[in-house]
Amino acid sequence: DGTLRPDCAFDTPGLLGVSDSPPYFHDGSAATLGDVVDYFVRFFAISPPPTSQERADLIAYLRSL
């Protein structure tokens, strides 16, 4: 019937074109995609942290979208 479920109450933007919209975060505190990746590695306490190659691969993927 088109009624939104509670799980759909937020409109989360996609990642398409994410590399075209710096700075990042609501306050512009992340100047680059690398800053974003580093923030989330710290925020989620990812252990072990990604290697420099994994980090570079993730950033390259995000730029390709």
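A residue counts as buried when its relative accessible area is under 20%, as exposed when that value is over 50%, and as partly exposed in between. Asp38 has a relative accessible area of 27% and is therefore partly exposed. This description rests on a predicted model, and the values given below were computed from that model.

**Overall make-up**

The protein has 65 residues, of which 15% count as buried, and its secondary structure consists of 2 helices and 0 strands. Helix α1 covers residues 33-43, while helix α2 covers residues 52-64. About 5,400 Å² of the protein is exposed, and carbon and sulfur atoms supply 59% of that area. Among the contacts in the protein with a separation of 6 or more, 33% are accounted for by residues that lie 24 or more positions apart.

**The nonpolar core**

Which residues make up the largest nonpolar core? This core has 9 residues, namely Val18, Tyr24, Ala30, Leu33, Val36, Val37, Val41, Ile59 and Leu62. Helices α1 and α2 each supply at least two residues of this core, and the largest share, 4 residues, comes from α1. Val41, one of the core residues, touches Ile46, Pro49 and Pro50 when residues up to four places away in sequence are not counted.

**A salt bridge between the helices**

Side chains of opposite charge can pair when their charged atoms come close. In this model the count comes to 1 salt bridge, and the side chains that meet in a salt bridge are those of Arg55 and Asp38, with a distance of 2.8 Å from N to O. The pair links distant parts of the chain, since Arg55 belongs to helix α2 and Asp38 to helix α1, and the two residues are 17 residues apart. Arg55 has a relative accessibility of 30% and so counts as partly exposed, and Asp38, at 27%, is also partly exposed.

**Aromatic pairs and the surface patch**

The count of aromatic pairs comes to 6. Tyr39 and Phe40 form one such pair, which is edge-to-face, with 5.0 Å from centre to centre and 80° between the planes. In the pair of Phe43 and Phe44 the ring centres are 5.0 Å apart and the planes stand at 90°, so this pair is edge-to-face as well; the cut-off behind that reasoning is an angle over 60 degrees between the planes. Ring pairs link Phe25, Tyr39, Phe40, Phe43 and Phe44 into a cluster.

Are the rings of these two pairs exposed, partly exposed or buried? The table lists the relative accessibility of each of the four residues.

| Residue | Relative accessibility | Class |
|---|---|---|
| Tyr39 | 32% | partly exposed |
| Phe40 | 34% | partly exposed |
| Phe43 | 52% | exposed |
| Phe44 | 55% | exposed |

Tyr39, which is found in helix α1, counts as partly exposed because its relative accessibility of 32% lies between the cut-offs of 20% and 50%. Phe43, with a relative accessible area of 52%, is exposed because this value is over 50%.

A nonpolar patch of about 580 Å² lies on the surface, and Phe25, Tyr39, Phe40, Phe43, Phe44 and Ile46 make it. Tyr39 and Phe40 thus take part both in an edge-to-face pair and in this patch. Ile46, a further member of the patch, is one of the residues that Val41 touches, and Val41 in turn belongs to the largest nonpolar core.

Definitions and conventions
Residues numbered from 1 in each chain as written. Predicted model: local features only at pLDDT ≥ 70, side-chain atom pairs only at ≥ 80, totals over all residues. Heavy atoms only, no water. Patch = residues over 30% accessible without salt bridge, like charges linked within 9 Å, V, L, I, M, F, W, Y side chains within 5 Å. Areas by Shrake-Rupley, 256 points an atom, 1.4 Å probe, with all protein chains shown as cover. Salt bridge = Lys/Arg side-chain N within 4 Å of Asp/Glu carboxyl O. Buried < 20%, exposed > 50% of the residue type's maximum accessible area, 1.4 Å probe, protein only. Contact = heavy atoms within 4.5 Å. Core = buried A, V, L, I, M, F, W, Y, C linked by side-chain atoms within 4.5 Å. Phe/Tyr/Trp six-rings, centres within 6.5 Å; stacked < 30°, edge-to-face > 60°.
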